[in-house]
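Subject: A structure for you to look at

Hello,

Here is the structure I promised to pass on. Please open it alongside this email, and I will walk you through what turned up.

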Amino acid sequence: MTERELLERTERLLAELLERPIHTTAPREALDATWATGEHVFLVEAKTSAHSMAHIEQGVRRLQSAADRHPGVIPLLVVPTMGPAGVRLAKEAGISWIDAGGKADIAAPGLRILIKHGNNASPPRKSGTFSPRASNLVHVLLLKPKVEHTASELAHAARLDNGYVTRILDALVEEGYIVEQRRGRQRRIHVAEPNALLTAWDEHYKRPQPFAYALLATRDGFATEARVAEAFHAVDVPYALTALSAAAAYTRFGSFRRVTAYVPRDGLTMDSVGFEMTTEPRGRNVALVASPIHFEIGTRTIAGRTYASPILTYLDLKAEAERAEEARTEMKRVIEDLWNESY
């Protein structure tokens with residue numbers, strides 16, 4: 001869908017919702033359109049690449065800036081299809097939106113439109129840039145988003161071959177997530193908007209299901225964590241604690257019950273680790289996950305225990321129930337501090 005087609009379709013949809021004609025005037029602030037109807041004036045920014053959170057965030061920021069200079073207007077983002085991550089981003093920024101499928105969330109004095117289900121006229125495109133393998137590269141980029149990297153440095157850190165990394169980098173550039181600069185024959189890369197890249201990965205991310213569970217007789221999650229770490233240290237098995245226990249180590253946000261750990265799946269038995277494992281999750285306080293993602297990327301050692309990176313910890317909290325939202329809020333602050341330190 002071209003930008004012109006997108007604007008024409010969403011203008012018609014909005015006119016139907018308002019039950020009145022829309023008059024198009026000269027665009028303001030270098031935006032894509034200005035629509036006027038009755039007492040309402042809409043400053044419109046169109047983004048045809050709605051699968052790219054970088055482009056969505058760019059549109060939101062332009063609308064915020066324009067609205068600050070034109071009090072009383074309604075900043076309106078129009079896209080082919082608005083996904084969950086885009087909905088959250090626009091809501092947090094206070095920006096109204098409508099998509100070509102008929103979904104909309106528009107709020108202004110004297111006006112409220114909320115349509116959660118459209119006709120899905122333009123379904124979102126699946127992005128290979130957030131596949132489990134490609135996510136290794138995204139993970140490395142998000143650890144130091146403003147540092148300039150070469151493609152070979154990224155390939156080494158992400159444990160991927162150079163040709164594959166080049167293809168993923170090309171896709172990330174096209175989707176607006178990273179910026180590249182050429183210095184002679186050398187290509188140097190940094191992240192354009194770290195929050196946009198993290199939000200997009202978060203939308204696609206699904207932590208693999210645990211392959212085994214255990215029940216340890218301990219007084220609380222901290223004691224369980226100690227037992228798990230000691231067991232894997234004793235047999236020299238690499239591991240990384242994640243989710244709630246890792247969030248507690250990074251943020252001191254409070255107590256937790258279940259301990260989740262990444263470990264290699266092969267060769268783990270009761271005899272090797274010292275506790276019985278089962279596939280039954282109910283009532284268990286230990287979950288073991290074997291992931292195709294290299295969980296060793298960005299790990300940190302705190303008080304002698306190994307934890308998944310703050311980025312992976314934040315993502316893994318989506319799969320948890322107890323206090324997960326509180327922990328994600330705290331982890332986002334840790335990540336922002338990490339980004340500030342990476343300059």
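Let me begin with one side chain: that of Asn-136 reaches the backbone nitrogen of His-294, at 3.3 Å. Please keep in mind throughout that this is a predicted model.

Asn-136 itself sits in helix α4, which covers residues 135-143. Is Asn-136 buried or exposed? With a relative accessibility of 2%, Asn-136 counts as buried, because the cut-off for buried is under 20% relative accessible area. Setting aside residues up to four places away in sequence, Asn-136 touches Ala-158, Leu-160, Ile-293, His-294 and Ile-297. So His-294 appears twice around Asn-136: among the residues touched, and as the owner of the backbone nitrogen that the Asn-136 side chain reaches. If you would like a distance to check on screen, the C-alpha atoms of Asn-136 and Val-165 are 9.9 Å apart, with their positions 29 residues apart along the chain.

A second residue to visit is Thr-242, in strand β12 (residues 240-242). Its relative accessibility is 0%, so Thr-242 counts as buried too. Which side chain does Thr-242 join through a polar contact? The partner is Asp-316, and the contact between the two side chains is 2.7 Å. Leaving out neighbours within four places in sequence, Thr-242 is in contact with Thr-260, Tyr-262, Ala-308, Leu-312, Thr-313 and Asp-316.

Glu-280 gives you another setting. You will find Glu-280 in the loop between α10 (270-273) and β14 (286-289). Its relative accessible area is 27%, so Glu-280 is partly exposed. The side chain of Glu-280 reaches the backbone nitrogen of Arg-282 at 2.9 Å. For a sense of scale, Glu-280 and Pro-109 are 53 Å apart in space, C-alpha to C-alpha, and 171 residues apart in sequence.

Now to the sheets. One is an open sheet of seven strands with mixed pairing, in the order β1-β2-β3-β4-β5-β6-β7. Its edge strands are β1 (23-25) and β7 (111-115), each of which pairs on one side only. From one strand to the next, the twist averages 30°. At the β1 edge, three bridges join β1 to β2 (residues 33-37), and these two strands run antiparallel. One pair to look for there is His-23 with its bridge partner Ala-36 in β2.

Another open sheet has three strands in the order β8-β10-β9, with antiparallel pairing. β8 and β9 stand at the edges with a single partner strand each, so one side of each has no neighbour in the sheet. How many bridges does β10 share with β9? There are six between β10 and β9 (residues 178-183), while β8 (residues 149-150) and β10 pair over two. Arg-188 in β10 is a handy landmark: Thr-150 stands opposite Arg-188, and Gln-181 stands opposite Arg-188 as well. His-149 has its bridge partner in β10 too, namely Ile-189.

β9 and β10 also form a hairpin, with two residues between them. In that turn, Gly-184 has a positive phi of about 70°. Why is β10 described as largely enclosed by the rest of the structure? Five of the six residues of β10 (residues 186-191) are buried, so the strand is largely enclosed.

Last, a pair of helices. Helix α2 (residues 53-69) packs against helix α3 (residues 84-93) at an angle of about 20°, and their axes are 10 Å apart. That angle makes α2 roughly parallel to α3, because angles under 35 degrees count as roughly parallel. The crossing of α2 and α3 is right-handed. Where the two helices meet, α2 brings Met-53, Ile-56, Glu-57, Val-60 and Gln-64, and α3 brings Ala-85, Gly-86, Leu-89 and Ala-93.

I hope this helps you find your way around. Do write back if you would like to go through any of it together.

Best wishes

Terms used: Residues numbered from 1 in each chain as written. Predicted model: local features only at pLDDT ≥ 70, side-chain atom pairs only at ≥ 80, totals over all residues. Heavy atoms only, no water. Pairing = 2+ DSSP bridges. Helix = DSSP H or I, 4+ residues; strand = E, 2+ residues; numbered from the N terminus. Axes fitted to C-alpha atoms, helices over the stretch in contact; angles between N-to-C directions. Buried < 20%, exposed > 50% of the residue type's maximum accessible area, 1.4 Å probe, protein only. Polar contact = N/O pair within 3.5 Å; in protein donor to acceptor, adjacent residues only side chain to side chain. Contact = heavy atoms within 4.5 Å. Parallel < 35°, antiparallel > 145°, perpendicular 65-115°, else oblique. Left-handed = near helix turned anticlockwise from the far one by under 90°.
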